[in-house]
Structures are given as C-alpha cells and as structure tokens.
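Colleague: I would like a close look at one part of this model, taken slowly enough for a first-year student.

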Amino acid sequence: MIYSVVASPKYALMYRTDNGVLVTWHWCKETFGDPQDAGWWYDDVKGRGIRTFYFEKEADAVLFALKWA
C-alpha cells in the first residue's frame, strides 16, 4: 500500500536559503534517506505548488503528517 500526504500550504513552497531545496524534501531525505532507496517520493501536482509526498511505510507517512501537514 502507498500512503500519500499533502504538505501544508504554509510549508509547500518553503525553500532552504542555503541550497534552494524544498524544506519538506530536505527533511524527508535527512529523516528517511535518499528517496530512490528509502521508499518515499513526491510530486508537484500540475506545477501548482501542491506538494504530495508518497510513502511505502505507514509510519513514515504519519511522521511526515505530524510534522508538515
């Protein structure tokens, strides 16, 4: 099963000032590991800034939702 969580609009377009990476994406990489290996990824729905993150593990989705949704 795949779990999806939409980042809150408050955080959806927030970028780090040091490297220009999405704050939420950077947090996922630091917390769960590289997206290619760790079972998570994200999609920007039609370029509208609606960042949907997908997780293979329910616990990861819950942790993300508690932090960013």
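In what order do the strands of the open sheet lie, and is their pairing parallel or antiparallel? Please go on from there to what surrounds the sheet.

Modeller: A word of caution to begin with: this is a predicted model. The open sheet has 3 strands in the order S1-S3-S2, and the pairing is antiparallel. Its edge strands are S1, residues 3-6, and S2, residues 40-44, each of which pairs on one side only. Neighbouring strands in this sheet are turned against each other by 25 degrees on average, with direction ignored. In general, strands of a sheet pair through backbone hydrogen bonds, and the pairing can be parallel or antiparallel.

Take S1 and its partner. Strand S3 covers residues 51-55, and its antiparallel pairing with S1 runs over 4 bridges. To find one place on the model, look for Ser4, whose bridge partner in S3 is Tyr54.

Next comes helix H4. This helix lies across S1 and S3, and runs at about 10 degrees to S1.

H4 also leads to the aromatic rings. The model has 11 aromatic pairs. In one of them, the ring centres of Trp27 and Phe64 are 6.2 Å apart and the planes stand at 55 degrees; an angle from 30 to 60 degrees counts as tilted, so this pair is tilted. Trp27 belongs to helix H2 (residues 23-32) and Phe64 to helix H4 (residues 58-68), so the pair, 37 residues apart, links distant parts of the chain. Both Trp27 and Phe64 are buried.

Trp27 has a further partner in Trp68. Here the ring centres are 6.0 Å apart and the planes are at 75 degrees, which is over 60, so the pair is edge-to-face. This pair, too, links distant parts of the chain: Trp27 is in H2 and Trp68 is in H4, 41 residues apart. Trp68 is buried, as is Trp27. Over the face of Trp68 lies Lys67, at 5.3 Å from the ring centre.

These rings belong to a wider group. One aromatic cluster is formed by Tyr11, Trp25, Trp27, Phe32, Trp40, Tyr42, Phe53, Phe55, Phe64 and Trp68.

Finally, consider Tyr15, in the loop between helix H1 (9-12) and H2. Its relative accessible area is 40%, which lies between 20% and 50%, so Tyr15 is partly exposed. Leaving aside residues up to four places away in sequence, Tyr15 touches Gly20, Val21, Leu22, Val23 and Arg51.

Key: Residues are numbered from 1 along each chain as its sequence is written. This is a predicted model: local features need pLDDT of at least 70, side-chain atom pairs count only at pLDDT 80 or more; totals for chains, interfaces and linings use all residues. Side-chain values use heavy atoms; hydrogens and water are left out. Rings of Phe, Tyr and Trp (its six-membered ring) pair if their centres lie within 6.5 Å; planes under 30 degrees apart count as stacked, over 60 as edge-to-face and the rest as tilted. Helices (H or I, at least four residues) and strands (E, at least two) are DSSP runs, numbered from the N terminus. Buried means under 20% relative accessible area, exposed over 50%, partly exposed in between (1.4 Å probe, protein chains only). A charge sits over a ring if NZ of Lys or CZ of Arg is within 6 Å of the ring centre and within 35 degrees of the ring normal. Contact means heavy atoms within 4.5 Å. Two strands pair if DSSP finds at least two bridges between them. Axes are lines fitted to C-alpha atoms, for helices over the stretch in contact, and angles run from 0 to 180 degrees between N-to-C directions.
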